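Reader: Could you walk me through this structure as you would read it yourself? I would like the general idea of each feature, and then the case at hand.

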2 protein chains.
Amino acid sequence: MKMSQGVEWALHTCLNLTWLATGQAVPTGKLAAFYELPAAYLNKQLQALVRAGILSSVSGPKGGFRLARPAADISLLDIVVAVEGADEAFPCAQILREGPGGRADVDYQQTCLLAQGMRRADLAWRRELAAQTLADIKSQVEKQHPDTPRRTRARFTELSR
Amino acid sequence: MKMSQGVEWALHTCLNLTWLATGQAVPTGKLAAFYELPAAYLNKQLQALVRAGILSSVSGPKGGFRLARPAADISLLDIVVAVEGADEAFPCAQILREGPGGRADVDYQQTCLLAQGMRRADLAWRRELAAQTLADIKSQVEKQHPDTPRRTRARFTELSR
DNA sequence: CATATTCTGGATATCAGATATCCAGGTTAT
DNA sequence: ATAACCTGGATATCTGATATCCAGAATATG
């Protein structure tokens, strides 16, 4: 039941991008150096975020990644789904097919009451993640640490590559 | 973000046990044959359920497993935690330590606002699972399929080993 | 136009955990 | 005494996450 590490990278990277001028693109190298992450692998997550429409990419010198839409329109769920995939955590393997009265023509993923119970929890999880946007987190951080925007921008500037 | 297959096995196995006389113990072989599962591996999950106090085991001939407490006192969360472990799905790797102003003496798992947002969703998930007991599921099933108790007992009887 | 920078996507290697099997040893009904 | 059954450890296999590399395309700059 572990979520991949890439989710944390993606969340923090997207949050950092909220503190930059909207037009400014940041290359993978700088985004990775910010937290000393492996650049080539972080790039895979960034590509997933681009495919999901959360980031947009720019090729060439001065290229890189930036948020594709306002932070208020990006939920934590958007980012998690982009990196982890949209599948539910509970894999209903249709175990009931093998049980007494099991029938091949029934979709137990839908009818199995245990699967429904698990799905109910899964939906509550998604609802909670969808209710929180990057803009929410951003403003919470700025309230607790008012110098974070300045420090983040400064860090990106000083990172050589 | 996939949950292990064993969770589904454990959930259905525990549910099936709610339809047996409370004193009756069922050996691993029968529990596995019920859904054509690998017995030796299912046994590992059963052992985990015993350690969690959900099942109790009986050695020797006529031995096996039975519920250790009333179905109303066993939540879906109890079973999931017993098999999957109690860890949160979101692994906060303390990424902020490497960022600007990161300090080694701060527990970012507690203070990081993104980690808190993920934890909020995790708690909602657990709350939803804790609110559903085996007794709830059992009564829902019996409402939709009144012959399930009889059929389940019959299946256990006919399974040779 | 030439060059250097950067993204894209595929191929590949490595490692951890899930899945699965087996066995030696302990318990207990008959 | 024997056979059925659980326990826990050792081990094998397979899958997915982690990680690296490279060839090709896009583009800013001089």
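Reader: Which residues surround DNA strand D most closely?

Author: A residue is near a strand if its C-beta atom, placed from the backbone, lies within 6 Å of it. Here 25 residues surround DNA strand D, and the closest are A:Ser4, A:Gln5, A:Pro38, A:Gly60 and B:Ser57. A word on conventions: this is a predicted model, in which local features need pLDDT of at least 70 and side-chain atom pairs count only at pLDDT 80 or more, while totals for chains, interfaces and linings use all residues. Residues are numbered from 1 along each chain as its sequence is written, and chains are lettered from A and ligands numbered from 1 in the order in which they are written.

Reader: Which elements supply at least two residues of the surface near DNA strand D?

Author: Helices (H or I, at least four residues) and strands (E, at least two) are DSSP runs, numbered from the N terminus. Chain A supplies at least two residues from each of α1 (5-17) and α3 (39-51), and chain B does so from each of α2 (28-35), α3 (39-51) and β2 (64-67). The largest share, 4 residues, comes from α3(B).

Reader: How does the surface near DNA strand D divide by class?

Author: Ala, Val, Leu, Ile, Met, Phe, Trp, Tyr, Cys and Pro count as nonpolar, Asp, Glu, Lys and Arg as charged, and the others, Gly among them, as polar. The surface near DNA strand D has 9 nonpolar, 14 polar and 2 charged residues.

Reader: And what lies around DNA strand C?

Author: DNA strand C is surrounded by 25 residues, the closest being A:Ser57, B:Ser4, B:Gln5, B:Pro38 and B:Gly60. At least two residues each come from α2, α3 and β2 (64-67) of chain A and from α1 (5-17) and α3 of chain B. The element that gives the most to this surface is α3(A), with 4 residues. By class there are 9 nonpolar, 14 polar and 2 charged residues near DNA strand C.

Reader: How are the two copies of the chain related?

Author: In general, two copies of a chain are related by a rotation about an axis and a shift along it. Copies are superposed by least squares on the C-alpha atoms of residues with pLDDT of at least 70 in both. A turn of 180° and a shift of 0.0 Å along the axis lay chain A on chain B with an RMSD of 0.0 Å. The two copies are therefore related as by a two-fold rotation axis.

Reader: How many residues does each chain bring to the contact between chain A and chain B?

Author: Two residues are in contact if their C-beta atoms, placed from the backbone, lie within 7 Å. Chain A gives 39 residues and chain B gives 39 residues. On the side of chain A that touches chain B, two or more residues come from each of α1, α2 (28-35), α4 (76-84), α6 (113-130), α7 (134-144) and α8 (148-158). With 9 residues, α6(A) gives the most to that side. The residues there divide into 22 nonpolar, 8 polar and 9 charged.

Reader: Within chain A, at what angle do α1(A) and α3(A) pack?

Author: Axes are lines fitted to C-alpha atoms, for helices over the stretch in contact, and angles run from 0 to 180 degrees between N-to-C directions. The angle between α1(A) and α3(A) is about 70°, and their axes are 10 Å apart. Angles under 35 degrees count as roughly parallel, over 145 as roughly antiparallel, 65 to 115 as roughly perpendicular and the rest as oblique. So α1(A) and α3(A) are roughly perpendicular to each other. Their contact is made by A:Gly6, A:Trp9 and A:Ala10 of α1(A) and A:Leu42, A:Gln45 and A:Leu49 of α3(A).

Reader: How do α4(A) and α6(A) pack?

Author: Their axes are 6 Å apart, at an angle of about 120°. That is why α4(A) counts as oblique to α6(A). In this pair, A:Leu76, A:Leu77 and A:Val80 of α4(A) meet A:Arg126, A:Leu129 and A:Ala130 of α6(A).
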